[in-house]
Amino acid sequence: MRHAYGIVGDDPTGAPHLAARVDDRAVDLRGVPGVPDHVARATTLDPLLALGRHGWDDVHGAVHEHLAHQPPAVPVDRLAVELPVVPGDYVDFYASEHHATNLGRILRPGEEPLPAAWRHLPIGYHGRAGSIVVSGTPITRPVGLVGPGARRPSERLDLELELGFVVGTAVPMGQVVAPDDADDHVFGVVLVNDWSARDIQSFEYRPLGPFAGKSFATSIAGWVTPLAALPRCAGVVQDPPPDPVLRAEGDGALDLELAWSLNGTPIGRAGTRHLWWTFAQMLCHLTANGAGLRRGDLFASGTVSGPDPGQEGSLIEAARAGEQPITLADGSTRTWLEDGDVVELTGCWRSADGGGSLAPVTGTIVPAPEVR
């Protein structure tokens, strides 16, 4: 099983419906045996999520059987792909030790790069669910304060290579989900680009963290890959050991290779196996205080970076905050994103059946509105 689910609007009547994607082609799931009609004709993935884990497995099996006899034939680029879920809440974590260390050294030189709590719990912040957009949506350069009285379009616009997780089964307030039970609650994954205005962010983020520097747009893939399709690995050895609430018996880390390019030039590549905190631990921490979760909520890993050069998941790391410009294939250089730039995130995995790929995320930077 290596298909993903999305909502497309290719019907002559304009009615969105459920489709399955394999690589760069898709198939309509209306009328497929084993896929409930109300799920196949829905305008979001919510009815599919509502089936619960056993229902997901039944639909996955039905779609797999269908694809074995009728491979996808419609090119994805001919389809109008909708936002697959409409999250009520969006939480962005900071799960990569390498990214957090790199960014700490850039933003807080001379200080300890990691916050004191970083290795004890998955640090995160609540993002703006209302500004989550589907891949391909143009990204308007944000305007904000970068210093006292200095309001202007961001000059340090950046991307973030992330993996997002779609909550399928809700968690009532007061209930804590153990990491080993995370698979019962996470339906699938999407690539996420949590665009960042670093100059706005650096002025505002202490002591309460990002706000306007992040909330202007977050791009996600239009196709959700089932968690059940993805390979697992042991992950990093956490030292010090996490709090008992965050400990798991099984392998909670995912083994995916993520990458990003700028105007067609490959820049950074990193594996999710390098993440310090697993998706299961992130989910646990989301509920550890009794907050609960709702179906369709989204949480993301934060920027995924690796330990070696070329494994940076953001431009601020790859170009060393502007000190080491990156040369693109056309000979131009970048320290930050410019108007007209196109960023693409991709992901893939290898497994016994040959592996598969995640749906990409693209975004084109368009100029800021006139500042008044």
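The legends below describe a predicted model, first as a whole chain and then in close-up views. Residues are numbered from 1 along each chain as its sequence is written, and side-chain values use heavy atoms, with hydrogens and water left out. Local features need pLDDT of at least 70 and side-chain atom pairs count only at pLDDT 80 or more, while totals for chains, interfaces and linings use all residues.

**View 1. The whole chain holds seven helices and 25 strands.** Helices (H or I, at least four residues) and strands (E, at least two) are DSSP runs, numbered from the N terminus. Along the principal axes, the C-alpha atoms fill a box of roughly 60 × 50 × 40 Å. The radius of gyration is 20 Å, which agrees with the value near 21 Å for a compact globule of 372 residues. That radius is taken over C-alpha atoms, and the globule rule is 2.2 Å times the number of residues to the power 0.38. Of the 372 residues, 52% count as buried. Buried means under 20% relative accessible area, exposed means over 50%, and partly exposed lies in between (1.4 Å probe, protein chains only).

**View 2. Contacts, surface and charges of the chain.** A contact means heavy atoms within 4.5 Å. Among contacts between residues at least 6 apart in sequence, 73% join residues at least 24 apart. The chain exposes about 15900 Å², and carbon and sulfur atoms supply 51% of that area. Accessible areas come from the Shrake-Rupley method with a 1.4 Å probe; for residues, only the protein chains shown count as cover. The chain has 28 positive and 46 negative charges, and their mean positions are 4 Å apart. Lys and Arg count as positive, Asp and Glu as negative; His and the chain ends are not counted. Each charge is placed at NZ of Lys, CZ of Arg, CG of Asp or CD of Glu.

**View 3. Helix α6 is mostly covered.** The helix spans residues 279-287, and eight of its nine residues are buried. The buried residues are Phe279, Ala280, Gln281, Met282, Leu283, Cys284, Leu286 and Thr287. They pack against six strands:
- β5 (90-93) and β12 (161-167)
- β13 (186-193) and β17 (232-233)
- β18 (253-254) and β21 (298-300)

**View 4. Two buried cysteines, Cys233 and Cys284.** A disulfide is a pair of cysteine sulfur atoms within 2.5 Å. By this rule the count is zero. Cys233 is in no disulfide, and the nearest cysteine sulfur, that of Cys348, is 14 Å away. Cys233 has 15% relative accessibility and so counts as buried. For Cys284, the closest cysteine sulfur is that of Cys233, 19 Å away and therefore too far for a bond. Cys284 counts as buried because its relative accessibility is 0%.

**View 5. Two cis peptide bonds lead into Pro207 and Pro240.** The bond from Arg206 to Pro207 is cis, with omega near 10 degrees. Pro207 sits in the loop between α5 (198-204) and β15 (218-220). Asp239 and Pro240 are also joined by a cis bond, with omega about 10 degrees. Pro240 belongs to the loop between β17 and β18.

**View 6. Positive phi at Asn263 and Ala321.** Asn263 is not a glycine, yet its phi is positive, about 50 degrees. The loop between β19 (257-262) and β20 (265-271) holds Asn263. Its relative accessible area of 31% makes Asn263 partly exposed. Ala321 is not a glycine either, and its phi is about 55 degrees. Ala321 lies in the loop between α7 (315-318) and β22 (326-327). With 25% relative accessibility, Ala321 is partly exposed.

**View 7. Glu338 touches Arg141.** Glu338 is in the loop between β23 (333-334) and β24 (342-349). Glu338 is partly exposed, at 40% relative accessibility. Leaving out residues up to four places away in sequence, Glu338 touches Arg141, Thr333 and Ile365. Glu338 and Arg141 are 197 residues apart in sequence, and their C-alpha atoms are 9.0 Å apart in space.

**View 8. Asp57 in helix α3.** Helix α3 covers residues 52-69 and includes Asp57. Asp57 counts as partly exposed, at 39% relative accessibility. Pro307 is 250 residues from Asp57 along the chain, and their C-alpha atoms are separated by 36 Å.
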